Amino acid sequence: MIPRHDPEQISFASDNYSGAHPEVLAALAVANGGHQTSYGADAYTAALPELFAPLFGEGIEVYPVWNGTGANVVGLMSLTDRWSGVVCSDMAHINTDEGGAPERVGGLKLLAVPTPDGKLTPELVDRVAIAFEDEHRARPTVLSLTQSTELGTVYTPAEVTALAAHAHGLGMSVQMDGARIANAAASLGVPVRAFTRDAGVDVLSFGGTKNGMVFGEALVVLNPAVVRGVLYLRKLTTQLSSKTRFISAQLEALLTDDLWLRGATHANAMAARLAAAIEGLPGIELTAPVQANGVFPRLPRAVVEATQQRFGYYLWDESDPQRPVARWMCTFDTTEADVDAFAAAVRESARPS
Ligand SMILES: Cc1ncc(COP(=O)(O)O)c(C=O)c1O
């Protein structure tokens, strides 16, 4: 086969733009060959609870799914009734970037709250988690947190614990969108349990695609007592792959020798390097603390015009067209040289003429 792209071309547009980690591709080769029972009844999928146990402990359930939207939708559906509402940040991926799947596929009402830094607080939750007995409103049933957030910020274990206690106190369960959970774990430097299961999270979407997998994520049920019908829901939402062994083998590769954490630690370090290199340049300011693998700087339009084409990134907020906010994402395969070349171009274009 002829290559149809330039393998040297990188960008800062999205952690989904990256390829797969070589250790993941090697795992796919190991899982290949011979026949295995389909639809998740294979040896690789059977091993997953044991492989995730060092992270989350015993008694969990692990369901491989195709993508992050599916992990979120199936997880939320397993926690809700037809009349349920889901409290989330207005920036939450479930609210902004899933094509309405939680509403259309899941049949749920999202109760979104503005969050300047992407993070909910108990006070913000209380703005929409109200009127539980009012038949005219969707009943708040689940609190959904994204970790790390869409704005590259990270909830501390204490913050998740307080939010989960608050939600549980209101009779709600807690779902976590962990599309970038590895970046949060790397940032916090604590066991992942500390801000998930031990903090009171019931159901977790464990990201893989942004962190070196070809595709696939895991829906991890941390509290099996609160979910219903996950197997059926995964199938009816079209998230059950007949060759599940190839998602499971990739997850195994991520968990082997902490590849998930190695990749995220590197991605975070590249984001920190980029932020440090551009901070303080004329007309440039960070709009959110850089705690994971994303950098969100406000930039003069001239800098965008000089750098966006070559380094590839999206604008996050253009409400001030002359000084938009950009979104720069780093991944497991972003190199120091990539970052330094990008920062040099930003520096050059930000120089007062
Ligand atoms: C916060 C968050 N959640 C979930 C997802 C997963 O989305 P997808 O369905 O594209 O895999 C993403 C991907 O961009 C994301 O950023």
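Let me start with the largest nonpolar core in this predicted model. The core has 51 residues, and the members that touch the most others are Phe 52, Phe 56, Phe 206 and Val 220. Helix α11, residues 245-255, supplies the largest share, five residues. The core is shared between domains: at least three residues come from each of domain 1 (22-257) and domain 2 (259-350).

Take Phe 206 as a way in. Leaving aside residues up to four places away in sequence, Phe 206 touches Phe 52, Leu 55, Phe 56, Gly 178, Ile 181, Glu 217, Ala 218, Val 220, Leu 255 and Trp 260. Apart from this core there is another one, of 23 residues, and its members include Ala 275, Leu 299, Ala 326 and Ala 343. As background, nonpolar side chains in soluble globular proteins tend to be buried together.

Now the helices, beginning at α1, residues 22-31. Which residues of α1 are buried? They are Val 24, Ala 27, Leu 28 and Ala 31. Viewed down the axis of α1, these buried residues fall within an arc of 105°, so they line one face of the helix. In general, an α-helix has 3.6 residues a turn, so residues three or four places apart point the same way. On α1, the face turned away from the buried side carries exposed residues, namely Pro 22, Ala 29 and Val 30. The cover over the buried residues of α1 includes α2 (43-46), α11 and α12 (259-278). Recall that α11 is also the helix with the largest share of the 51-residue core. After α1 comes Gly 33, which has a positive phi, near 85°.

Next is α8, residues 157-169. With 13 residues at 1.5 Å a residue, α8 should span 18 Å, and its end C-alpha atoms are indeed 18 Å apart. The buried residues in α8 are Val 160, Leu 163, Ala 164 and Ala 167. Their arc around the axis is only 95°, which puts them on the same side of α8. Exposed residues Ala 158, Ala 165 and Gly 169 sit on the face turned away from that buried side. What covers the buried residues of α8? The cover includes α7 (122-128), β4 (139-146) and β5 (173-178). Following α8 is Gly 171, with a positive phi near 85°.

The last helix I want to show is α14, residues 336-350. Its 15 residues reach 21 Å from first C-alpha to last, close to the 21 Å expected at 1.5 Å a residue. Buried here are Asp 338, Val 339, Phe 342, Ala 343, Ala 345, Val 346 and Ala 350. The arc they cover around the axis is only 160°, which puts them on the same side of α14. That buried set packs against α12, α13 (301-311) and β12 (325-329). Ala 343, from this list, is also among the members of the 23-residue core.

Some single residues to finish. Ser 205 belongs to strand β6, residues 203-206. Is Ser 205 buried or exposed? Its relative accessible area is 3%, under the 20% cut-off, so Ser 205 is buried. Beyond its sequence neighbours up to four places away, Ser 205 touches Ala 71, Asn 72, Gln 175, Met 176, Asp 177, Gly 178, Ala 179 and Ala 218. Gly 178 and Ala 218 appear among the contacts of Phe 206 as well.

Ser 89 lies in strand β2, residues 84-89, and at 4% relative accessibility counts as buried. The Ser 89 side chain makes a polar contact with the side chain of Thr 115, at 2.6 Å. A polar atom of the Ser 89 side chain also lies 2.9 Å from the backbone nitrogen of Met 91. With residues up to four places away left out, the contacts of Ser 89 are Asn 95, Ala 112, Val 113, Thr 115, Gly 118 and Leu 120.

Finally, Val 73, in helix α4, residues 68-77. Val 73 is buried, with a relative accessible area of 3%. Which residues does Val 73 touch, not counting those up to four places away in sequence? Glu 98, Ala 101, Pro 102, Val 105, Gly 106 and Thr 237. For a sense of distance, Val 73 and Gly 57 are 16 residues apart along the chain, and their C-alpha atoms are separated by 24 Å.

Note on methods. Residues numbered from 1 in each chain as written. Predicted model: local features only at pLDDT ≥ 70, side-chain atom pairs only at ≥ 80, totals over all residues. Heavy atoms only, no water. Helix = DSSP H or I, 4+ residues; strand = E, 2+ residues; numbered from the N terminus. Buried < 20%, exposed > 50% of the residue type's maximum accessible area, 1.4 Å probe, protein only. Contact = heavy atoms within 4.5 Å. Polar contact = N/O pair within 3.5 Å; in protein donor to acceptor, adjacent residues only side chain to side chain. Expected span 1.5 Å × (residues − 1). Arc of directions from axis to C-beta. Core = buried A, V, L, I, M, F, W, Y, C linked by side-chain atoms within 4.5 Å. Domains from an automatic or database assignment.
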